[in-house]
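Open the model in your viewer and show it as a cartoon, with side chains ready to switch on. The stops below each begin with a selection.

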Amino acid sequence: MNRTWLFGLLLLSYVLFYGPVRADEVWLIIDTKKSTLEVKRGHDTLMTMNNIAIGRNGAGFKQHMGDDVTPIGTYRIGWVNKKSPFHRFYGFDYPSVENANEALLSGLLSKEKHTAIINAHKKQQVPPQDTNIGGNIGIHGLGSADKSIHQSINWTHGCIALTNEQVETLDRWIKKGTQVKIK
């Protein structure tokens, strides 16, 4: 596959699916190095949550399901589960078009699965969650997990974890379609 063509597709996909947020739109930015989650409205910060946890193996490009890496990129909330074993679960529309394009180029994703992911995003649906590069990535609480472990290590399989109290606070801000940027 021609890398120039794929780069053009990647750029167009970003502009179409993840363009700039509106001034009145609430969105989240997660800084994996600072271990923070900020709730934003346009450029204004409404709230900052500290001491979040990410995947055991840090953040970056997910190579495969179960690699315990939190994916970097821009996503939208695809579904909300308020009865999750993790107290609350806000699922991302991961893999994104960008994740799918990179995985296809790297040989980690079949053309068929790539097409299914692209088509789901075009229809503003949640893409397949059973891909070679993982799925079921989102923001969740602790459920009955030990709060002291949460405060001392990154422990998830790739999700963003908050305390139950923090994730409850997000209820007033998050809905299906909310943009989430992970850096």
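A residue counts as buried when its relative accessible area is under 20%, and as exposed when that area is over 50%. Keep in mind throughout that this is a predicted model.

**Stop 1: His140.** Select His140, which lies in strand β8, residues 138-140. Is His140 buried or exposed? Its relative accessibility is 3%, so His140 counts as buried. Now show what surrounds the side chain. Leaving aside residues up to four places away in sequence, His140 touches Phe86, Arg88, Phe89, Trp155, Thr156, Cys159, Ile160, Ala161, Leu162 and Val167.

**Stop 2: helix α2.** Select residues 97-105, which make up helix α2. Seven of the nine residues here are buried, and the helix is mostly covered. To see them, colour Val97, Glu98, Asn99, Ala100, Asn101, Ala103 and Leu104. Then step past the end of the helix to Gly107, just after α2, where phi is positive at about 80°.

**Stop 3: helix α3.** Select residues 111-122 for helix α3, a run of twelve residues. From its first C-alpha to its last, α3 reaches 16 Å, close to the 16 Å expected at 1.5 Å a residue. Which residues of α3 are buried? Colour His114, Ile117, Ile118, Ala120 and His121. They lie on the same side of α3, because they cover an arc of only 160° around the axis. Rotate the view to the face turned away from that buried side: the exposed residues Lys111, Glu112 and Lys122 are found there. Just after α3, select Gln124, which takes a positive phi of about 55°.

**Stop 4: the β2-β3 hairpin.** Select residues 36-41 for strand β2 and residues 44-50 for strand β3. The two strands run antiparallel and are joined by six bridges. At the turn, two residues separate β2 from β3 in a hairpin, and one of the residues in the turn, Gly42, has a positive phi of about 60°. Show Arg41 as well, and look across to Asp44 in β3, which stands opposite.

**Stop 5: aromatic rings.** How many aromatic pairs does a search of the whole structure find? The search gives four. Select Tyr75, Phe92 and Tyr94, which ring pairs link into a cluster. For the last selection, take Trp27 together with Lys181: the charged end of Lys181 sits over the ring of Trp27, 5.1 Å from the ring centre.

Methods:
Residues numbered from 1 in each chain as written. Predicted model: local features only at pLDDT ≥ 70, side-chain atom pairs only at ≥ 80, totals over all residues. Heavy atoms only, no water. Pairing = 2+ DSSP bridges. Helix = DSSP H or I, 4+ residues; strand = E, 2+ residues; numbered from the N terminus. Expected span 1.5 Å × (residues − 1). Buried < 20%, exposed > 50% of the residue type's maximum accessible area, 1.4 Å probe, protein only. Arc of directions from axis to C-beta. Contact = heavy atoms within 4.5 Å. Phe/Tyr/Trp six-rings, centres within 6.5 Å; stacked < 30°, edge-to-face > 60°. Lys NZ or Arg CZ within 6 Å of the ring centre and 35° of its normal.
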